[in-house]
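Trainee: Could you take one buried side chain and go through its surroundings closely, then turn to the packing elsewhere in the model?

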Amino acid sequence: MSSATLGALRVEKAGPLATLQDVGRFGSRRLGMTQGGAADLHAFAWTNHLIGNRWDAAALEVVLGGLTLVAEQDTRLALGGADLQARVDDRPLTPWQAFTLSKGEQLVFGSPTSGVRAYLAVPGGFQGEPVLGSLSCVVREGLGGHDGQGRALAENERLTFSLTEQSRAEKTRAVPVDQRLDYRQPAILPLIPGAQIADFTGGSLFRAFNHAWQVDTRADRMGVRLTGPALRCRHQRMISEGIALGAVQVPPDGQPIVLLNDRQTIGGYPRLGTLTPLACARLAQCQPGEKVYFAATALTQAQEAYRLFRQAFS
Amino acid sequence: MSLPRLENAGVDAWLVRLFDAIDEANMPWLTALSRRCEQAFGEALIDLVPSYTTLLVHYDPLRLDAGNARFLLTDILANLQPDNDAIDSEVKELPVWYDDSVGPELSRLERASGLDRAAVIQTHGEHEYCVFALGFAPGFVFMGSLDKRLELPRLKTPRQRVPAGSVAVAGRQTSAYPRVSPGGWNLIGRTPAVLFDRNREGFSLLRVGDRVRFKAIDRQEFERLGGDTTPVSSGEESQS
């Protein structure tokens with residue numbers, strides 16, 4: 001594509017972790033490659049939808065703010081997910097809406113007031129060289145992202161997008177209020193009970209579903225550790241096997257770890273079950289110290305909820 | 001094969017549990033299961049994660065519901081035959097420079113096994129290993145089973161930085177690190193082979209079900225093949 005048809009956002013200040021993400025890398029987990037992809041699929045999909053994109057177009061995942069971008073051309077953008085006190089020059093910008101950034105204007109992300117991950121989308125999605133069919137950035141593996149090398153955004157780098165897609169983006173659009181999640185509310189996380197559920201003691205199962213769990217400081221795109229009453233399983237370790245998104249693993253210390261997008265492909269701890277994709281999305285917005293609750297759900301019900309969500313964007 | 005079990009792994013995955021123990025004889029069955037899933041699920045197949053005794057089958061819930069996905073798997077399992085092509089496939093050879101400077105736990109392996117250096121190298125190299133799983137990092141394979149005499153526990157404190165190509169042992173498994181990464185395995189040498197390459201078709205040099213043999217080479221050959229001779233210091237011994 002010639003430079004005349006490309007627009008760009010320049011990174012003036014990089015922030016702790018801003019990465020390009022799409023829905024993830026599939027078909028390569030047998031090679032040991034992680035899935036990657038937007039940690040909050042709900043906010044990611046809505047943000048793309050706001051601007052008329054395919055649901056899986058590459059968007060920017062901005063963690064904890066601290067990022068400043070400058071427009072090199074007038075462009076339409078959409079912002080969803082966490083409220084990181086974003087503003088355009090000095091005008092405050094509420095998430096869950098599309099907006100225009102004029103040439104030379106600054107888009108500044110402050111610090112989180114609700115949630116931790118904001119999504120920024122441009123018409124047609126951000127551009128990059130896909131690695132194994134995906135632009136998702138996995139820092140640990142040095143794969144994907146805006147430069148293909150798995151790096152988070154750095155100062156003075158540029159994010160490019162197509163200018164020809166701009167006309168297709170809708171002029172004003174906002175996410176319906178009932179679809180905007182308030183990440184300050186306690187998170188109730190639907191969990192599909194898994195194969196080893198019967199190996200946990202009765203008391204542990206009661207505690208798992210009737211007590212609050214606290215999000216630990218050890219929480220990132222790989223997984224979220226939860227602290228609370230110790231869960232006891234009759235099996236401490238198993239032969240390593242493939243782990244799905246949202247798997248709730250319980251290591252010998254009894255404190256569950258929920259595995260998210262950048263998890264390693266195989267692991268060997270017993271599992272309480274699997275969080276639904278939307279529960280993973282909600283958990284990915286929690287700050288350390290927040291309380292979360294597990295709510296057991298049936299596979300058929302969870303699958304129906306996920307299908308309805310996906311169908312809304314296809 | 002024991003009776004296979006299907007375990008729910010979320011809104012879009014079933015875990016097929018074929019075996020209960022690690023065994024090289026598992027691999028032709030797991031390879032066959034992977035192939036049959038690719039054919040039967042077609043476009044609805046999203047990903048497969050084979051490991052020692054299981055296969056995680058990740059499907060598209062917009063194309064198949066959980067019940068239908070389960071039905072397909074049950075049907076495949078009812079008629080599954082081991083894929084013996086996997087056994088007859090060529091043995092891949094990994095050249096290794098066994099040396100204290102790049103394999104600081106080589107001397108520990110001598111002490112623990114009661115073998116002299118030449119015997120340790122010969123024992124590590126003479127077995128035809130089976131690739132049981134990939135994971136930990138792109139292109140990192142878990143191979144076994146190592147001769148019982150060469151069994152060593154993982155390091156007490158994992159290294160922050162294991163050089164690329166490091167050949168290592170832990171328990172009854174052996175492997176090589178595709179790239180610089182943290183790691184707690186015992187280093188006994190280094191291979192100049194490129195284990196993971198984004199420009200290679202299929203990326204990973206080794207796949208689940210492959211058979212692998214290590215071949216001792218000297219420093220001169222190692223350097224000729226492009227190996228990096230930068231030394232690594234020894235790791236802390238495990239007390240377990």
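Mentor: Beyond its neighbours within four places in sequence, W55(A) is in contact (heavy atoms within 4.5 Å) with V23(A), L41(A), F44(A), A45(A), N48(A), F309(A), R310(A) and F313(A). The model is predicted, so local features need pLDDT of at least 70 and side-chain atom pairs pLDDT 80 or more, while totals for chains, interfaces and linings use all residues. Residues are numbered from 1 along each chain, chains are lettered from A and ligands numbered from 1 in written order, and side-chain values use heavy atoms without hydrogens or water.

W55(A) sits in the loop between α1 (41-50) and β3 (59-63) of chain A; helices are DSSP runs of H or I with at least four residues, strands runs of E with at least two, numbered from the N terminus. Its relative accessibility is 13%, so W55(A) counts as buried (under 20% relative accessible area, 1.4 Å probe, protein chains only). D22(A) lies 33 residues away along the chain, yet its C-alpha atom is 8.9 Å from that of W55(A).

Now the packing elsewhere. The largest nonpolar core (buried Ala, Val, Leu, Ile, Met, Phe, Trp, Tyr and Cys joined through side-chain atoms within 4.5 Å) has 129 residues, of which L275(A), L283(A) and F41(B) touch the most other members. Helix α1 of chain B, residues 27-41, gives the most to this core, with seven residues. Outside four places in sequence, F41(B) is in contact with V57(B), Y59(B), L64(B), A69(B), L72(B), L73(B) and I76(B). A second, separate core of 30 residues includes L9(A), A14(A), L60(A) and L107(A).

Methods. Buried < 20%, exposed > 50% of the residue type's maximum accessible area, 1.4 Å probe, protein only.
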